[in-house]
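Student: I've got a structure open and I'd like to learn how to read strands and helix packing in it. Can you walk me through it?

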Amino acid sequence: MADAPTSPYLVLARKYRPRDFTTLVGQDAMVQTLGNAFAQNRIHHAFILTGVRGVGKTTTARILARAFNYEDASGPHPTLDLSVEGEHCRAIIEGRHVDVIEMDAASNTGINDIREIIDSVKYAPSSAPYKVYVIDEVHMLSTAAFNGLLKTLEEPPPYVKFIFATTEIRKVPVTILSRCMRFDLRRITPEIMTAYLESILGQEGISFEPEALAMIVRAGEGSARDNLSLLDQAIAHGNGAVTAATVKAMLGLGDRARIIDLFEELMGGRIGDASRPCAPSTIWAPTRRHWSPTLPISPIWSPASRSCPPLPMMSRSHPTNAAAAPILPGAFPCVHSPAPGRSCSRAMTRSPAPIMACRLPRWP
Ligand SMILES: Nc1ncnc2c1ncn2[C@@H]1O[C@H](COP(=O)(O)OP(=O)(O)OP(=O)(O)O)[C@@H](O)[C@H]1O
Ligand SMILES: [Mg+2]
């Protein structure tokens, strides 16, 4: 699997992109359902794959294209057992098979783009058993484009398969959804992800500290691509080894002990101690993990600037906070939160999202 040293470096996420379902991790429910459907020869003509970034939607679409078009000496027969490369497999893996058409709906949003598909659906595949249309980021299609697709999607010719992928399933019309077999790809659990990263480091021959992997897995939020990109970065940062110290520095994480102290000070209502000058962006994400996610938090203050305010500004004595509803004894008066609807740790660690002071309106 490893490339020759002279070949250009391929990032881990590309080098280890799964080529069959045995190497796709953390999506067992989907793989089992597909396995049963293939075994019973009840293969739908349209699939929609959804899930957060980097959990395997595009990868699954390509593996499925291989599975539909599997052909060996005994002839074409769709199968999920792709351990031996079939006649069309290499071309499909390399994205150059004429009968597997990948379209990025983010840059082909209009009805004219869909019209091209509808017109070409009439023609039989040139060499593979099936013509497979993979439409990525399908939620980006215009309303007219979705409507244009409905008839063909309902009754395509027998040699056509559609696979849609999207991170935003809510933006896909129900008329489309009801014509597809839907799979929700899960975030990959920390245990599975840790084992996966360990196996990749083993194949790469790179030493690592378990604590470093734990930090990467936490920051990767269940996305395999995020984890592999962080791992790439950690290998470069640590000059070939993945250590806790370099990962901590790379991720900008605060000292764990300091975070626990801060949490205890906040929980004890000792805001004076808790608001000692520190960089909120380095403590927010890990601090939040120490709370129950069900705590009711309401935003009360948002700075005009997009920069993160220092903690003392957000203390009980700050005029904006003082004017707000009374603070219940024992509740901590303010914490940091990103804009509503954004992922907390992502917003804080990767983008300069506006920060708000928040208050716990009541103790749960
Ligand atoms: N379930 C998985 N098992 C193993 N590797 C995975 C998995 N999901 C993603 N990856 C890794 O992440 C990379 C990106 O995966 P993929 O393109 O399938 O993600 P995606 O779900 O389509 O993401 P996006 O929504 O950003 O398009 C792959 O090349 C692979 O290395
Ligand atoms: Mg994708």
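Tutor: Sure, we'll take one strand with its neighbours, then one pair of helices. Keep in mind that this is a predicted model.

Student: Let's start with strand 5. Which of its residues lie on each face, and are they buried or exposed?

Tutor: The general idea first: side chains in a regular strand alternate between the two faces of the sheet. Here, Lys 131, Tyr 133 and Ile 135 sit on one side of strand 5, with Val 132, Val 134 and Asp 136 on the other, and all are buried. That makes six of six residues buried along 131-136.

Student: Okay, and which way does strand 4 run relative to strand 5, parallel or antiparallel?

Tutor: Parallel, with five bridges joining strand 4 (residues 100-104) to strand 5. To find the register, look for Ile 101, which is opposite Tyr 133. Between the two strands the chain goes through helix 5 (residues 111-121), giving a right-handed β-α-β crossover.

Student: What about strand 6, how many bridges does it share with strand 5?

Tutor: Five, and again the pairing is parallel, with strand 6 covering residues 160-166. Val 132 has Lys 161 as its bridge partner there. Helix 6 (residues 143-154) completes a right-handed β-α-β unit with strands 5 and 6.

Student: Now the helices. At what angle do helix 10 and helix 11 cross?

Tutor: For packed helices, you quote the angle between the axes and the distance between them. Helix 10 (residues 224-237) and helix 11 (residues 244-251) cross at roughly 115 degrees, with axes coming within 9 Å. Gln 233, Ala 234 and His 237 of helix 10 make the contact with Thr 246, Val 247 and Met 250 of helix 11. Those residues split into three nonpolar, three polar and no charged.

Notes:
Residues numbered from 1 in each chain as written. Chains lettered and ligands numbered in written order. Predicted model: local features only at pLDDT ≥ 70, side-chain atom pairs only at ≥ 80, totals over all residues. Axes fitted to C-alpha atoms, helices over the stretch in contact; angles between N-to-C directions. Helix = DSSP H or I, 4+ residues; strand = E, 2+ residues; numbered from the N terminus. Contact = placed C-beta atoms within 7 Å. Nonpolar A, V, L, I, M, F, W, Y, C, P; charged D, E, K, R; others polar. Buried ≥ 20, exposed ≤ 12 C-beta atoms within 10 Å, placed from the backbone. Pairing = 2+ DSSP bridges. Right-handed = clockwise from strand over helix to strand, strands pointing away.
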